[in-house]
Amino acid sequence: MAGRVEQKQTAEQNPEQVVDLSRQRLKVLPADILKMPYISQLILDRNRLKNVTDLRKLSNLKTLIMSKNELVDFPSDIGALRHLEKLHLNQNKIQQIPEGILSQLPRLKQLKLNNNRLTDFPGDLACCKELEYLNLSHNLVEEIPETVAALGKLEEFYVDNNKLCKLPCALFDGGCLRKFTARANPLREPPDEVCAGGLQQIRSYFKQLQTNESFEDKRVKTMFLGASMAGKSTLCKSLTKRELVTIAENDRTIGIEINEFQTDDFSFLCWDFAGQLEYYLTHHVFITPQALVILVIDLHRYRTDDKDSFKEQVGFWINNILMRVPDSIVLPIGSHIDLCDKDEVQNKKKDIEEKILEVLTEREENLKQRLDKLKQKAQCELYSDQVNKLCDLAEYSLKVLDLIPIDCTRYDAIIEAWLQILKSVRNKDIFRNAVRKLPVTYKKVEDAIMDLIKTPDVPVHGAVDLDELLRMINLHNIDSQQLIVWYQEVQTLERIVFLKPSFLITLSLLFQMIVRHDLLQQLNNIPAKHMKKESAFKPDKQKWINDFQAKATLHHKAIIILVKHQLNGKEDLHDIAEDMLGDEKGNGKLFQILEYFDICLSSKPRLMQRRSQKKWNGDSNDDLHTQAFFLPEIPQGFFHRVIIKLCNFIYSHWVGKERCLLVCNGRKLLLKEHNEEANSYIEFRCKGNGENDFEGQWCLIMTAIQKVEKLIEEWPGLHYSLKTPCRNHDCEHYFDWPDLDEKEKDIEQTSEEKIKTCENCGENFQTEPVVLHESRVAGSEWGDCRCKEPPDSTECPQHL
């Protein structure tokens, strides 16, 4: 009660009349609060409120925040708060908003209802004429009524992760709307590609629908995944060419190949992904939701008695699909059955299907166990963000169809399998958005471009300036809004349109020359005459090879020479190669694309510091230490991209295999990747620049964690949790981190407690402050370490 009295006194003395009762573990609203009619702001987030009554007594409330509680029913008394301007009820369990409540809130400007269980749009919301911000993401809403367009002052509207198939045209016809997202919905009108282009693209889409005819687009993106030499290309090319195609081993796919296959009613855009893990770093960019994933498995090589056989041919791919596109459709196809006995095929088919089910069941059980542990915590309200994330993950349903065995040496067998695929695509219960509504102008533009590609007016690489393209297609009433396939975020590409299905098609020959499984061999094979043309010599080549073997880094000049060597005889690509590669300073478009997608990191000259500042000098009990655990595992290439993001931000760094050392203002941060089965985590260790540097160390660690959190957004099916090991090295206990709210990022502590006690060994230690001001961690520069030894080696004499 003492805490509540203190709050009351604060409210009476505070001219803003604010009462903050967040994180008080409240199950009911304190009676003394209801005796304060002068309160203008009441903050009750992160409590355990299940029902709230008598709010009408707080008639002067302008702000009411009850986020992250356990509300099931929408508090009816809210309708009596006529002065209410801000209402936050996000992250509760509300299923319905009764009619007649929101209509009584004429001054409401901000409404947060995300992360609830709403199935219907609030019916009388249109009465809130002053509403400027509305968030309904992470609910179960199937339809947005046209009446939402009556919200003439609405500036921000978010409906991500619902069940929406179409958006109302009237919402985008004028008005003040400037921010809108609808990610992770089975949208057909407009399709995802249009929504990804932002409001300008959406408005153009509906404008075209109003002024032109529409048509049904029956096109399915079909992604062929699987281990190397499983038969993906044979299947894909046999279908697209309508004849049996045999692929030689030395003609296997490098990177990604794209072809199109047309049936009577559907068009399949087939993406054939190379199976070697070296390429998987780039695959995730193009593995998108709302696609059919065909997982090709070599049944001849598959072994039912070998755990690694399932992991390599099936489990790895299922896990990565789960993490990247967790709500997709997967069709396993067993290839090379001509080399297997009939009984062998059926046994392997059964074994694969059972083990896939085990993977999916284990994922569900792991999510449930983690969820139960968080809910059982003494302060479970401090983990509500993590609970909601786990609930979202549990809602995803990766649908894996029955495995189809196929003899790829028989074309009739391939066609028979494809008919089964077509049957699945035509099933609206499986593919809800296979048929999409598009303006006929989109089709006209596409047809015009396809005709244009066949002419000599378009260069072989297919990259064309936007204004030049509009001139060449010469269609009336067509502008850049019908072209949604260029990368405006990359400055040098903002006016370039790639006329192929992706820029990888345009740049495939260049891209494949540097992102390939046999790159080391290619480096060794560069002729001396090509080295001389670029003023490079044998010692340079040996250094490039050593750097690539030790640190997976490749010198820019090596890339230029490598590409020019492989372009020998391809004169038509020399011009685009010069433009894409640029000079030795690394300013070519190709490298900007690779950096944009966090595929490569450009090495820039650094200022040098003393040698002693560059050594890690081994792990110590005095290091600040935390770990980010991932479920089901760390995605292939994820740690690589974390390093790139951090090294682009903190100039002082050393990069090695599965580790990275960063130095900022004398503090050293070491990241290590541990990706073992059932134990996948990234380790963060930090050494300070002197005594009493606790806050500065945690600032650096939190900067790294912030980059990890940002990157995780690209893997919607991935769960991670932060844990800090007990500072007593003999104790194996871990502390779970609570949620990190936006509000908390503006203050100095993640928790009110400054000292925690380990419940296992009784050790006391200081808790971690959160200070996320980027200016405090950027700016210190020193030279890159070119040593082959890991950064925690204390014996290395080669640090610069």
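Which side chains meet in a salt bridge at 2.9 Å, N to O? The pair is Lys 687 and Asp 623, and the views below start from the whole chain before closing in on that pair and others. Please keep in mind that this is a predicted model, in which local features need pLDDT of at least 70, side-chain atom pairs count only at pLDDT 80 or more, and totals for chains, interfaces and linings use all residues. Residues are numbered from 1 along each chain as its sequence is written, and side-chain values use heavy atoms, with hydrogens and water left out.

**View A. The whole chain.** The protein chain has 21 helices and 27 strands; helices (H or I, at least four residues) and strands (E, at least two) are DSSP runs, numbered from the N terminus. Of its 800 residues, 55% count as buried. Here buried means under 20% relative accessible area, exposed over 50%, and partly exposed in between (1.4 Å probe, protein chains only). About 37,200 Å² is exposed by the chain, with carbon and sulfur atoms supplying 45% of it; such areas come from the Shrake-Rupley method with a 1.4 Å probe, and for residues only the protein chains shown count as cover. Among contacts (heavy atoms within 4.5 Å) between residues at least 6 apart in sequence, 60% join residues at least 24 apart.

**View B. Lys 687 and Asp 623, with their network.** The Lys 687–Asp 623 salt bridge, at 2.9 Å from N to O, links distant parts of the chain: Lys 687 is in strand β23 (residues 679-687), and Asp 623 is in the loop between α19 (589-596) and β19 (624-631), 64 residues apart. A salt bridge is a side-chain nitrogen of Lys or Arg within 4 Å of a carboxyl oxygen of Asp or Glu. Both Lys 687 and Asp 623 are buried. They belong to a salt-bridge network that also links Asp 619, Lys 672, Glu 683 and Arg 685.

**View C. Leu 669 and its surroundings.** Leu 669 sits in strand β22 (residues 667-676) and counts as buried because its relative accessibility is 0%. Beyond its neighbours within four places in sequence, Leu 669 has contacts that include Trp 616, Phe 684, Arg 685 and Ile 701. The C-alpha atoms of Leu 669 and Leu 624 are separated by 9.3 Å, with their positions 45 residues apart along the chain.

**View D. Two further salt bridges.** A search of the whole structure finds 35 salt bridges. One of them joins Glu 70 and Lys 50 (3.9 Å, N to O). Glu 70 lies in the loop between β3 (63-65) and β4, and Lys 50 in the loop between β2 (41-43) and β3, 20 residues apart. Glu 70 is partly exposed at 22% relative accessibility, whereas Lys 50 is exposed at 56%. In the pair Asp 298 and Arg 301, the closest N and O atoms are 2.8 Å apart; Asp 298 is buried at 4% and Arg 301 partly exposed at 39%.

**View E. A lysine in helix α7.** Lys 349 is found in helix α7 (residues 342-375) and counts as buried because its relative accessible area is 16%. Not counting residues up to four places away in sequence, Lys 349 touches Asp 402, Leu 403 and Pro 405.
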